[in-house]
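Got the viewer open? Load the model, switch to cartoon, and keep the selection box handy for a short tour.

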Amino acid sequence: MKKKQPPVQEVKRPVDQYFENLNANFQNPTNRIFQIIFLPLFFFGLMGLIWMIPFPQFDFLVKLGWHTFLNWGSFFIAVLIYYYLKLSPTLSYAVLLCIGIMSYFIVQLEYIERDGGPSVLLVSGVITAVSLAALWWGKSKENKAISLGEFWTLISVGPIWLWHFVFRKVKLKY
């Protein structure tokens, strides 16, 4: 006679726990629209600000021609992608694609600045400030009060959270 075994508890990955928490805390439709628009803009602005922090010009980097590609933004991207890679490799690739597109536009902003346009720091700072204010305002639209920690989770995990909706819609495993 076989013994009945207790039901197996499904172990949730940390990324799924983050997504459940974000889904539970951020449900207002207006806030969701704001997140879809302003989370990517926030990251674009933040990346632009970090990109423009002066990076030391080491002779060996100049000799190798790497000085144009290596900046503080490179380290920010590396750390961010590593973090996302640990949570969900597939979603991290989607974010990496977006970061590549954002990097292209930051370089275009550098060309515009070089040709007499507004500085990249100014443009990135305005985009970051407006996006952060819009996300904070959207947070206030939620029925339940959102703590600063939950808002920080939205800011830090938000890009892969947004991509998980796309992956679920097209039925791709993440």
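Select Pro-54 to start: this residue sits in the loop between H2 and helix H3 (59–64). Helices here are DSSP runs of H or I with at least four residues, strands are E runs of at least two, and both are numbered from the N terminus. Pro-54 counts as exposed because its relative accessibility is 71%; the cut-offs are under 20% relative accessible area for buried, over 50% for exposed, and partly exposed in between, with a 1.4 Å probe and protein chains only. Now add Trp-72 to the selection: the two are 18 residues apart in sequence, yet the C-alpha to C-alpha distance is 7.8 Å.

A quick note on what you're looking at. This is a predicted model, where local features need pLDDT of at least 70 and side-chain atom pairs count only at pLDDT 80 or more, while totals for chains, interfaces and linings use all residues. Residues are numbered from 1 along each chain as its sequence is written, and side-chain values use heavy atoms, with hydrogens and water left out.

Next stop, Leu-61, in helix H3. Is Leu-61 buried or exposed? Leu-61 has a relative accessible area of 4%, so buried is the call. Draw a distance from Leu-61 to Ile-37: they are 24 residues apart along the chain, with 37 Å between their C-alpha atoms.

Now zoom out to the whole protein chain. You should count seven helices and zero strands, and reading along the sequence gives the pattern α-α-α-α-α-α-α. The radius of gyration is 20 Å, well over the 16 Å from the globule rule for 174 residues, so the chain is more spread out than a compact globule. (That radius is taken over C-alpha atoms, and the rule is 2.2 Å times the number of residues to the power 0.38.) Align the view to the principal axes and the C-alpha atoms fill a box of roughly 80 × 40 × 30 Å. Colour by burial and 36% of the 174 residues come up as buried.

For contacts, meaning heavy atoms within 4.5 Å, take pairs of residues at least 6 apart in sequence: 72% of those contacts join residues at least 24 apart. Switch on charges and you'll find 16 positive and 9 negative side chains, with the centres of the two sets 16 Å apart. Lys and Arg count as positive, Asp and Glu as negative, and His and the chain ends are not counted; each charge is placed at NZ of Lys, CZ of Arg, CG of Asp or CD of Glu.

Select residues 89–114 for helix H5. Those 26 residues reach 37 Å from first C-alpha to last, close to the 38 Å expected at 1.5 Å a residue, where the expected span is 1.5 Å times one less than the number of residues. Show side chains for the buried set, which includes Leu-91, Val-95, Ile-99, Met-102, Ile-106 and Leu-109. An α-helix has 3.6 residues a turn, so residues three or four places apart point the same way. To see what covers H5's buried residues, light up helices including H1 (14–25), H2 (29–51), H4 (72–87), H6 (120–140) and H7 (148–169).

Stay in H5 and pick Ala-94, which is buried because its relative accessible area is 9%. Beyond neighbours within four places in sequence, Ala-94 is in contact with Trp-163 and Phe-167. Just after H5, click Gly-116, whose phi is positive at about 105 degrees.

Hop over to Glu-150 in helix H7. Glu-150 counts as buried because its relative accessibility is 18%. Neighbours within four places aside, its contacts are Asn-21, Leu-22, Asn-25, Phe-26, Lys-144 and Ala-145.

Last pick: Lys-171, in the segment after H7. Most residues other than glycine have a negative phi. Lys-171 has a positive one, near 60 degrees, and counts as exposed because its relative accessibility is 75%.
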